[in-house]
Structures are given as structure tokens and as C-alpha cells.
Amino acid sequence: MRPKRPYDFGAYASRRPQQPQDATPGLAARLAAAQAVADVLASARPLEERSEAEGRAASLDARDRALARSIVTVSLRRLGTIRKALGRFLEKGLPKKAGALEWILTVGAAQLLFLDIPDHAAVDLAVRATRLDPGATPFAGLVNAVLRNLIRAKEEILDAADPLDDDTPLWLAGRWRATYGEETARAIARAHRDEPTLDLSVKSDPAGWAQRLGGVALPTGSVRLDTHAPVNELEGYGEGEWWVQDAAAALPARLLNAGGGQRVVDLCAAPGGKSAELAVAGAQVTAVDRSAERLKRLAANFERLRLEADIVVSNALTYEAAPFDATLLDAPCMATGTIRRHPDVAWIKRQGDLPALAELQGKLLDRAIALAKPGGTIVYCTCSLEPEEGEGQIAALLRRNPDVRRVPIDAAEIGGLSELLTPAGELRTLPCHLPGPTPRQSGLDGFFAARLQRKP
Ligand SMILES: C[S@@+](CC[C@H](N)C(=O)[O-])C[C@H]1O[C@@H](n2cnc3c(N)ncnc32)[C@H](O)[C@@H]1O
């Protein structure tokens, strides 16, 4: 049983850290990190959606931006452990009317527990940040005391931290236990602890690119790199030889076996990783998405990759066109399979979001089938670990539509990795799959995919 949280971190959600009026080196990065954590946790805003402009407003140089990013990521990755540890030393709970105190403590604790930052710097900057925030100012002494206690108890806190019970929201831990069993649920949560590597999808020659970039070619054909270098500085980026895409996300599009000028529609296409695979395979791609903004990113990606597609801004539910040889539906979902790369997802999604998404997925799936010509192939996929968005969708579809059959996936199509297939021949990848030489070099995003055929 998960221990009850000793205080409610969400209660002071609307108060955010202030901008600095103190030029101490490193302070702006801490304030920006606290601001980002506040945005995600208080406003449920995905980290990815925080605009470039906001980043620039904090006027951080590249080093401080990278530091702020690692503080935010680890704060969210290990949020449960951090909250539990802080709760232990906040004997009376978090004071009411304390401004940004909660976020300052969270990022302070993240640095002390998980980052290679001198203790005195993390504590001093947290105290300075507290003094800059009108609501939090009276608690500068408390911040100092709590963080110093944390330093003393660090080893014990880290030894006791449990990935499933502490760093996974209770409702998600419960769902994964129910769906995958205790052992696999624990393995999934453990895989979320490590920041994953960079996976690339290459136009051709994975072994050659792995060698040139100092990575490994995975059995599935993706190239895995253990680097923190900015992607646009890596060889082949400017020439459009590859794009960034998790190795699991690279699997669904290939299941269409599209090529040779086949007409293929990708119904939820942006930012375009899967559309790019289809275009590289030689398909004539129509990339549909309802977000014009996200399609701009797809267009820019296609330009860099020197690929072509018909780009259409449309709601897929109302999109009309002559039937296609094949359709791909990478449906909007809870995205719980991407927590390794996006730890904010664990804390901003709510169980209550699931029914509406599952209903939308069912409707989109019906549309994807209607847009395929008789005999045409349809691939449905989601980056979710929740069965309602995967296996359950296909089971319901096969019950309601006798004109569709499932075409099982063969292990040979996914690099021989038969452990990624369900008995029904569907793809089910988990973050704990594909063990590598180190935890960081292991794992996959959690994806579901099924291949279907509209009966001739
Ligand atoms: C999981 S993302 C797609 C990722 C993309 N397939 C890739 O590989 O890069 C889901 C996309 O669905 C789009 N979307 C959501 N609802 C939609 C709808 N009703 N019609 C069209 N696109 C939709 C979103 O804008 C988002 O870009």
C-alpha cells in the first residue's frame, strides 16, 4: 500500500517562481527549472508545449538551458521520491500562502538527490530563489533546513525509493499491475528511471550510420546512439539522411509494406516520423493532421529529409478522398508508453481522460478502414500502455465490423523480436523490452500496433 502523502503539493499550484533580480551564476537556470515544473504540475501543460518564446524569456545561455532541462526532467522522473523525501522533513506540511516554495524545494531536492551538483550550490541557489519570491521569502530558513536534512538522509532516501510505488502515480501503477502483472509492472517503472538514448531512423544503411555516428544498429534497423550532443550537430542531419524516432515508433509504419508508388494516407501524421518512413519506402504519401501548427513541423522535416508528401490540414473524422491502397492511423492517446522520454506525461494525464480518447480512437479507426480500398491494408497504432487504446480497440473493431480481418505480424518483420508480439500477432512493446549493455542503452517506448485488412 502506498503511504499517504503527508501534504498536498497540488494545493498551492497557481503560485509560480518570479524572474530573477539577482545575477548569481546558475540562479536563472534554477528559477527557469522551477517555473517549468510549476507549469507542468500546476497547469498540466506538456513540457513540449512550453513555447520557445518562454525559454527565451528566461534569457538563458545554452549551458544554463541544458542545466535547467536536466533539472526539470529529473524532477519529473523522480517526483514521487522527491515529494516523499520533502514530506519527511516538512513536519507541519507545506506552509499555506508560500508562493513558489513548493517548486523551489522540488528542483532543489532533485539537484541534491539525483544530479552531480555541489550540495552547497544547490542549497544556496534554492535559498536565493526563495528570497526572490515574495510569497516564499519568509520561508528561506525552512528551505535551508529541509534541504540540509535531505543531504544527510540522501543515501537512505535513495535506497528506499521504489520505482513503482514511489515514482509512478498510484492510478497508473494500479493499471499496469492489473494489465501486466506485478513483475512486468515493476520492470516498466524501473525502465522509466533512466534517461533513454537517442534513436534514429535512417533512410538506408543502418550499420554504416551506426559506425559513422558511434552507435549500434538495432535488430529492428534503428540506430541507437549514447550521446548528449545536439542532434543538428551530428553527421548526416543537414543532408537529411536520418531523423529522430524511438525504435518502437519505427515499427508500425513498416507493417504496411508500402512502396512502389502505392497511395498511402497517414491520418494523424504530424510531426511526420511514420510518414517519412512510408515516403522512404517509395509510397505516395498523403499526410493528414488536424493541427496546422504540427504539420508545419512535418513540412520542415520533409524538406530537410528531401522527401515529398501531400500535406492536408483536416480532421481525420471528416476527411474525404478516393480510397487508398493503405492507411496508417497513429491515433492520439494517453501516451503512457512515452514516459521514459517524457516523464511529465505520468503527472499530467488523468485516468478520466481515457474514455473520451478511447471513443475517439474507435471513430478514427472506422474512418481509417473506410478510407482503405477493398483488399487494402490498415495499420492502427498508439504509444500507450493502456489496453483500452490497443488490444481492446482491435477486439471491439473485429466484433463490430465483419468486413475487416486481422493480419498477424511475423517476428521476421520486426527484426526477429518475437517477444514483442502478442499471441494474436499484434505488436506490444514495453519500456522494459530490448535489454542493452546499460540501463540507458536499453528499452523501447511502449507501443501497440495491429495490422488489418479490409476484406476484398
Ligand atoms: C501520436 S501523434 C502522431 C505522431 C506521428 N504519426 C509521427 O509518427 O510523427 C497524434 C497526432 O494526431 C493528431 N490528431 C488528433 N486528433 C486528430 C483528428 N481528429 N484528425 C487528425 N489528426 C488528429 C494530433 O494533432 C497529433 O499530431
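Colleague: What makes Lys274 and Asp330 count as buried or exposed in this predicted model?
Modeller: Lys274 is buried, and Asp330 is buried as well. Buried means under 20% relative accessible area, so each residue falls below that cut-off.

Colleague: Why is the contact between Lys274 and Asp330 called a salt bridge?
Modeller: The closest N and O atoms of the pair are 2.7 Å apart. The limit is 4 Å, so the pair qualifies. Lys274 belongs to helix α12 (residues 273-280) and Asp330 to strand β8 (residues 324-330), so the salt bridge ties together parts 56 residues apart in sequence.

Colleague: What makes Asp330 a polar contact of the ligand?
Modeller: An N or O atom in the side chain of Asp330 is 2.7 Å from a nitrogen atom of the ligand. The cut-off is 3.5 Å, so this is a polar contact. The protein buries 89% of the 600 Å² that the ligand exposes when taken alone.

Colleague: Why is Glu156 called partly exposed?
Modeller: Glu156 has 47% relative accessibility. Partly exposed lies between 20% and 50%, so Glu156 fits that class. Arg88, at 40%, is also partly exposed.

Colleague: How do you know that Arg340 and Asp445 form a salt bridge?
Modeller: Their closest N and O atoms are 3.4 Å apart, and the limit is 4 Å, so the pair counts. Asp445 is in the loop between β11 and β12, and Arg340 in the loop between β8 and α14, so parts 105 residues apart in sequence are tied together.

Colleague: Why is Arg340 called buried?
Modeller: Its relative accessibility is 2%. The cut-off is under 20%, so Arg340 is buried. Asp445, at 6%, is buried too.

Definitions and conventions. Residues numbered from 1 in each chain as written. Predicted model: local features only at pLDDT ≥ 70, side-chain atom pairs only at ≥ 80, totals over all residues. Heavy atoms only, no water. Polar contact = N/O pair within 3.5 Å; in protein donor to acceptor, adjacent residues only side chain to side chain. Areas by Shrake-Rupley, 256 points an atom, 1.4 Å probe, with all protein chains shown as cover. Buried < 20%, exposed > 50% of the residue type's maximum accessible area, 1.4 Å probe, protein only. Salt bridge = Lys/Arg side-chain N within 4 Å of Asp/Glu carboxyl O. Helix = DSSP H or I, 4+ residues; strand = E, 2+ residues; numbered from the N terminus.
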